[in-house]
Amino acid sequence: MTDSNLFDLLERFSSLTRIWFRQHPSLAELQPIQLSALMYLARCNNYSNTPLGVTEYLGLTKGTVSQSLKALEGKGLIVKSQDARDKRSVHMHLTDAARGVLDASLPPAFLAMGEARMGARGVQLATLLSELLSEVQRNTDIPSFGLCATCRFHEEVNGLPFCGLTQQQLAPIDAELICREHQLAIST
Ligand code: SF4
């Protein structure tokens, strides 16, 4: 398969996903960028749930992201809290209403059903795509936003995840969340 074929396939999936989101009744009130911000906040850890984290992840301007976050707050889908150490910094958290919206709509049914019909090959495909993403990220300067459990700073102390970069104990759930400080393990 050539690179162009792979790109065409990914682009088609992306277009199907956009159409599916647009038609889903639970998502009727949300702009695509607002939905993207919600999906990110549902997946990221406490180092990453800041306006800057959303801006970096989505690759958009600060102004656009700031307006979208204000709109989400107005709809009662996110709430802000002040950082315990840095009073100028805020964190954003999904409300129960937002979690309900995401639970009702993710993952897109067409994709979940297709993957289930492929059985073990569906799992294999997800592994291969994850490998491809790592390869791409290994050669770029863009933050990887990878899973904490796969980070080179991830450690385990007293049976709990521990961040070697910030020297802070993490909660068990953090290992499965994405992080803006994530760095891929250096391959030997
Ligand atoms: S171990 Fe890595 S991914 Fe996990 S919190 Fe620390 S910097 Fe982030």
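## A two-domain model and its helix α6

Leu111 counts as partly exposed, because it has 15 C-beta neighbours inside 10 Å. That count falls short of the 20 or more needed for a buried residue. The structure shown is a predicted model. Leu111 is part of helix α6, which covers residues 109-118. The helix as a whole is hardly covered. Of its 10 residues, the number that are buried is 0. Which residue lies 23 places from Leu111 in sequence and 41 Å from it in space? It is Arg88, with the distance taken from C-alpha to C-alpha.

**The two domains**

Domain 1 spans residues 3-105, and domain 2 spans residues 143-188. Their centres, taken over C-alpha atoms, are 22 Å apart. How many residues does each domain bring to the contact? Domain 1 gives 8 residues and domain 2 gives 9 residues. On the domain 1 side, helix α3 (residues 51-58) provides the largest share, with 3 residues. By class, this side of domain 1 holds 3 nonpolar, 3 polar and 2 charged residues.

**The core**

The largest nonpolar core contains 23 residues. Ala37, Leu38, Leu41, Leu69, Leu72, Ile78 and Cys179 have the most contacts inside it. Four helices, α2 (32-43), α3, α4 (62-74) and α5 (96-105), each give this core at least two residues. Which helix supplies the largest share? It is α2, with 4 residues. The core also draws on both domains: at least three residues come from domain 1, and at least three from domain 2.

Leu72 offers a closer look at the packing. Leaving aside residues up to four places away in sequence, Leu72 touches Gln34, Ala37, Leu38, Leu77 and Ile78. Three of these partners, Ala37, Leu38 and Ile78, are themselves listed with the most contacts inside the core.

**The sheet**

Strands β3, β4 and β5 form an open sheet of 3 strands, in the order β3-β4-β5 and with antiparallel pairing. Why do β3 and β5 (168-169) each have one side without a neighbour in the sheet? Both stand at the edges with a single partner strand, so one side of each stays free of a neighbour there.

Strand β3 (residues 154-157) pairs with strand β4 (residues 160-163) over 4 bridges, in the antiparallel sense. Two residues of β3 illustrate the match. Glu155 has Phe162 of β4 as its bridge partner. Glu156 is bridged to Pro161 of β4. In a regular strand, side chains alternate between the two faces of the sheet. The two strands make a hairpin with 2 residues between them. Asn158 sits in that turn and has a positive phi of about 55 degrees. Asn158 counts as exposed, because only 6 C-beta neighbours lie inside 10 Å.

**Backbone exceptions**

Most residues other than glycine have a negative phi, and most peptide bonds are trans. The table lists residues with a positive phi.

| Residue | Phi | Place |
|---|---|---|
| Gly119 | about 60 degrees | just after α6 |
| Phe145 | near 50 degrees | loop between α7 (120-138) and β3 |
| Asn158 | near 55 degrees | loop between β3 and β4 |

Is Phe145 exposed, partly exposed or buried? Phe145 counts as partly exposed, because it has 19 C-beta neighbours inside 10 Å.

A further exception concerns a peptide bond. Leu106 and Pro107 are joined by a cis peptide bond, with omega of about -10 degrees. Pro107 is located in the loop between α5 and α6.

**Around the ligand**

Which residues surround the ligand? Four cysteines are among them: Cys148, Cys151, Cys163 and Cys179. Two histidines, His154 and His182, also belong to the shell. So do Asn45, Tyr47, Phe153, Leu165, Thr166 and Glu181. By class, the shell has 7 nonpolar, 4 polar and 1 charged residues.

Some of these residues appear elsewhere in the picture. Cys179 of the shell is also one of the residues with the most contacts inside the core. His154 is in the shell too, and strand β3 covers residues 154-157. Cys163 is another shell member, while strand β4 covers residues 160-163.

Methods
Residues are numbered from 1 along each chain as its sequence is written. This is a predicted model: local features need pLDDT of at least 70, side-chain atom pairs count only at pLDDT 80 or more; totals for chains, interfaces and linings use all residues. Domain bounds come from an automatic or database domain assignment. Two residues are in contact if their C-beta atoms, placed from the backbone, lie within 7 Å. Ala, Val, Leu, Ile, Met, Phe, Trp, Tyr, Cys and Pro count as nonpolar, Asp, Glu, Lys and Arg as charged, and the others, Gly among them, as polar. Two strands pair if DSSP finds at least two bridges between them. A residue is near a molecule or strand if its C-beta atom, placed from the backbone, lies within 6 Å of it. A residue is buried if 20 or more other C-beta atoms lie within 10 Å of its own, exposed if 12 or fewer, and partly exposed in between; C-beta atoms are placed from the backbone. A nonpolar core is a set of buried Ala, Val, Leu, Ile, Met, Phe, Trp, Tyr and Cys residues joined through C-beta atoms within 7 Å.
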